[in-house]
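Reader: I should like to understand how the terms used for a protein model are justified. Please set each value against its definition.

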Amino acid sequence: MNPENRLQALSEFLKAKRSKLLPQMVGLPSGSRRRTPGLRREEVAQIAGVSTTWYTWLEQGRDIKVSASVLDAISDALQLNKDEKKYLYALALEEGADPVISNIEETIISPSLKRILQELQYCPTIITDRRLFIVGWNLAAAKVFLDFEQIPKEDRNLIELLFSRKEFKSLAVNWEHFVKGFIAIFRSYYGQYVADKWYIQFIEDMEQTYPEFRLLWNEGEVSTAPEMQIDFRHAKAGKMVFNLTSLQVQGNNDLRCSVYTPADNTATETKLKRLMENK
């Protein structure tokens, strides 16, 4: 990643996290009315035990030296979770900046992974690579979402499909909640592979094409494996409720399985079976 882009990403992330913290959340008096939401820079600096000038430079994206101990203090001050902390480290310390990892080869799904997809017969499952391109799916996923076989490989990016295809936008009852989980996963990869210029171009294209993406991306959410319950309103099957579990696949390809398990005490699995029997 170009240093300027990396530092800009760091700046945007710190601002997003600071804006979400209220004074009372960190033991400070709320005080007078604030012109902008969240903590002030000097308050973050005070909590972290660093100078206001130094933190201001860090948040402005200046190319300054940082240490792991100081980043720990900043993480605590901003109340970052484990995944957000990793993301901060990746950007601030240039972890994963080796240009070798910016290359990505065509993914080949192993026989064992194909078998897993088949065994998860009544659990819609999608396999994505580190750029969130869909590289594998089972029949249940094709029935619930859409037939990915009809989409050219180069257009199978899950993030873009969530915004561009009406099938996804009309399916999730709370579409924004649904999308946020995948954007959080995407950001975790973005921080991990900071040398891959593809991410910068993709994000710029998405922001220009989909204003909703820009708003959700600017929230700065990071998660390597979000778990959530999703309510769907399927055009043919009606109401369906799934528990989404995101699993990292061990190996060199950095693949991820997103498994939608029919929720207990609902008719979801029965509806899914009928949907799959319908030719």
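**Terms and their grounds**

Author: Lys180 and Glu176 are separated by about one helical turn, because they stand 4 residues apart in helix H10 (residues 175–192). Helices (H or I, at least four residues) and strands (E, at least two) are DSSP runs, numbered from the N terminus. The model is predicted, so local features need pLDDT of at least 70 and side-chain atom pairs count only at pLDDT 80 or more, while totals for chains, interfaces and linings use all residues. Residues are numbered from 1 along each chain as its sequence is written, and side-chain values use heavy atoms, with hydrogens and water left out.

Reader: What makes the meeting of Lys180 and Glu176 a salt bridge?

Author: A salt bridge is a side-chain nitrogen of Lys or Arg within 4 Å of a carboxyl oxygen of Asp or Glu. The N to O value for Lys180 and Glu176 is 3.6 Å, and the pair therefore satisfies the definition. Side chains of opposite charge can pair when their charged atoms come close.

Reader: Why are Lys180 and Glu176 called partly exposed?

Author: Buried means under 20% relative accessible area, exposed over 50%, and partly exposed in between (1.4 Å probe, protein chains only). Lys180 has 28% and Glu176 has 39%, so both terms follow from the definition.

Reader: How many salt bridges does the structure hold, and which residues are joined into one network?

Author: The structure holds 15 salt bridges. Lys17, Lys20, Glu84 and Glu221 form one network through salt bridges that share partners.

Reader: How do you know that Lys85 and Asp72 form a salt bridge?

Author: Their closest N and O atoms are 2.9 Å apart, which means that the definition is met. This pair links distant parts of the chain, 13 residues apart: Lys85 belongs to helix H5 (residues 82–92) and Asp72 to helix H4 (residues 68–77). Lys85, at 29%, is partly exposed, and Asp72, at 28%, is partly exposed as well.

Reader: Which residues does Ser75 touch, leaving out those up to four places away in sequence?

Author: Ser75, which is placed in helix H4, touches Leu80, Lys85 and Leu88. Contact means heavy atoms within 4.5 Å. The relative accessible area of Ser75 is 2%, and the residue is therefore buried.

Reader: Is Glu43 buried or exposed, and what is the state of its partner Arg40?

Author: Glu43 is buried, because its relative accessible area is 10%. Arg40 has 33% and so counts as partly exposed. The closest N and O atoms of these two residues are 3.6 Å apart, and they form a salt bridge.

Reader: What is noted about the phi of Leu132 and of Asn265?

Author: Leu132 has a positive phi of about 65°, although it is not a glycine. Asn265 likewise is not a glycine and has a positive phi, of about 60°. Most residues other than glycine have a negative phi. Leu132 lies in the loop between strand E1 (125–128) and strand E2 (134–137), whereas Asn265 lies in the loop between strand E5 (256–262) and helix H13 (268–277).

Reader: Why is Leu132 called buried and Asn265 exposed?

Author: Leu132 has a relative accessible area of 1%, and is therefore buried. Asn265 reaches 83%, so the residue counts as exposed.
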